[in-house]
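This report describes the fold, the nonpolar cores, the helix packing and selected residues of one protein chain. The structure is shown first, and the description follows.

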Amino acid sequence: MPEQQTAVDKALVLLKSLAEQDREVGVSELARCARLSKSTAFRLLGILQRNDLVERVGSNYRLGIQLFDMGNRVHGPTPLLLQERLLPHLADLYELTHETVHLAVLHGTEIVYVNKIHGHRAARTPSRIGARLPAYCTAVGKALLAFDHDAAEAAIEAGLSALTEYTLTDADSFRAELRRIRRDGIAYDRQEATLGLTCVAVPIMGPVGRPLAAVSVAGADHRFDPSRYAGALRRVAHEAARTVTAAKARGSIPSGRGGLPVA
């Protein structure tokens with residue numbers, strides 16, 4: 001650990017090391033991972049524990065509940081409010097499909113999953129609440145990029161890297177795909193982000209004609225027909241948009257560009 005690093009730097013390294021372990025860890029192992037002396041690690045863990053950033057379980061440590069609360073607020077209050085307001089609509093969609101349902105928002109050129117519902121037969125997906133993925137290769141991301149020209153062009157300029165052999169990487173073909181989505185109001189991901197996974201998504205439009213979020217249904221490619229759920233998605237998205245519009249009118253959801261914080 002370089003001498004110029006402060007106690008704050010060292011505490012952050014400890015937190016990152018603990019997060020990487022994804023389990024409860026003892027102080028000796030944490031100190032070794034963070035390249036700190038055991039006495040320094042123990043002292044800093046005590047400070048973090050008093051602030052609810054870590055929790056002690058016997059002689060081991062795990063991340064604290066305060067970090068969970070802070071992490072949920074990373075992208076501002078609006079995604080949390082959308083998560084709460086739109087949960088009944090996601091539940092309706094799950095009951096209709098019994099497939100994995102996602103709610104996502106756009107953050108720069110990435111999408112952030114703000115909610116997810118799945119059952120026992122859920123397909124293997126890279127998504128989890130709070131996770132980020134490139135928008136260009138996901139159904140929810142394309143549903144949002146289709147209505148945000150600047151973000152779409154930024155994604156193209158950054159490079160449409162292939163996550164799978166099916167990822168759309170040609171800029172002209174990608175722009176044509178976004179035009180189709182704007183025309184039809186529905187987006188597809190056919191194994192573009194993860195092999196074996198197919199998704200269908202629609203935007204949830206705000207009162208000024210910009211999407212506030214996108215909702216999708218995902219399933220295993222070998223048994224999932226995305227076109228089967230297009231109608232249900234459109235109906236749920238329409239009802240969700242009405243719910244959000246009413247909430248915005250009451251001031252429950254803050255206004256902004258598309259109602260969402262942007263990078």
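Accessible areas are obtained here by the Shrake-Rupley method with a 1.4 Å probe. On that basis the protein exposes about 13,300 Å², of which carbon and sulfur atoms supply 51%.

## Overall architecture

The model is predicted. Its secondary structure comes to nine helices and nine strands. The protein has 263 residues, and 46% of them count as buried.

Contacts can also be viewed by sequence separation. Among contacts in the protein with a separation of 6 or more, 56% are accounted for by residues 24 or more positions apart.

## Nonpolar cores

In soluble globular proteins, nonpolar side chains tend to be buried together. The largest nonpolar core in this model contains 32 residues. Within this core, Leu106, Ile111, Tyr113, Val140, Leu145, Phe174 and Leu178 touch the most other members. At least two core residues come from each of strand 4 (100–107), strand 5 (110–117), helix 6 (139–145), helix 7 (149–158), helix 8 (171–184), strand 8 (197–205) and strand 9 (211–220). Helix 6 gives the most, with five residues.

Leu145 illustrates the packing in this region. When residues up to four places away in sequence are not counted, Leu145 touches Leu106, Ala135, Tyr136, Ala151, Ala152, Ala155, Phe174 and Leu178. A second core, separate from the largest one, has 29 residues, including Tyr94, Val202, Leu212 and Val236.

## Packing of helix 7 and helix 8

How are helix 7 and helix 8 oriented to each other? Their axes come within 11 Å and cross at roughly 160 degrees. Angles over 145 degrees count as roughly antiparallel, and helix 7 and helix 8 are therefore roughly antiparallel to each other. The crossing of helix 7 past helix 8 is right-handed.

Helix 7 contributes Ala152, Glu153 and Ile156 to the contact, where they meet Ala171, Phe174, Arg175 and Leu178 of helix 8. Phe174 and Leu178 also belong to the group that touches the most other members of the largest core.

## Packing around helix 3

Helix 1 (residues 7–21) and helix 3 (residues 38–50) have axes that come within 10 Å and cross at roughly 85 degrees. Helix 1 is thus roughly perpendicular to helix 3. On the helix 1 side the contact is made by Ala7, Lys10, Ala11, Leu14 and Leu15, and on the helix 3 side by Thr40, Ala41, Leu44, Leu45 and Leu48.

Helix 3 also packs against helix 2 (residues 27–34), with axes that come within 9 Å and cross at roughly 105 degrees. Angles from 65 to 115 degrees count as roughly perpendicular, so helix 2 and helix 3 fall into that class. Val27, Ser28, Leu30 and Ala31 of helix 2 meet Lys38, Ala41, Phe42 and Leu45 of helix 3. Ala41 and Leu45 are thus in contact with helix 2 and with helix 1.

## Two arginines in helix 8

Arg179 lies in helix 8, as does Arg180. Is each arginine buried or partly exposed? Arg180 has a relative accessible area of 18% and is buried, because the cut-off for buried is under 20%. Arg179, with a relative accessible area of 49%, is partly exposed.

Ala146 provides a reference point for both residues. From C-alpha to C-alpha, Arg179 is 6.8 Å from Ala146 in space, although the two are 33 residues apart in sequence. For Arg180 and Ala146, the C-alpha atoms are 8.6 Å apart and the sequence separation is 34 residues. Beyond its neighbours within four places in sequence, Arg180 is in contact with Gly185, Ile186, Ala187 and Tyr188.

## Residues with positive phi

Most residues other than glycine have a negative phi. Asp52 has a positive phi, near 60 degrees. This residue is found in the loop between helix 3 and strand 2 (54–57), and at 43% relative accessibility Asp52 counts as partly exposed.

His98 likewise has a positive phi, near 55 degrees. The position of His98 is in the loop between helix 5 (77–97) and strand 4. With 38% relative accessibility, His98 counts as partly exposed.

Notes. Residues are numbered from 1 along each chain as its sequence is written. This is a predicted model: local features need pLDDT of at least 70, side-chain atom pairs count only at pLDDT 80 or more; totals for chains, interfaces and linings use all residues. Side-chain values use heavy atoms; hydrogens and water are left out. Helices (H or I, at least four residues) and strands (E, at least two) are DSSP runs, numbered from the N terminus. Buried means under 20% relative accessible area, exposed over 50%, partly exposed in between (1.4 Å probe, protein chains only). Contact means heavy atoms within 4.5 Å. A nonpolar core is a set of buried Ala, Val, Leu, Ile, Met, Phe, Trp, Tyr and Cys residues joined through side-chain atoms within 4.5 Å. Axes are lines fitted to C-alpha atoms, for helices over the stretch in contact, and angles run from 0 to 180 degrees between N-to-C directions. Angles under 35 degrees count as roughly parallel, over 145 as roughly antiparallel, 65 to 115 as roughly perpendicular and the rest as oblique. A crossing is left-handed if the near helix is turned anticlockwise from the far one by less than a right angle, and right-handed if clockwise.
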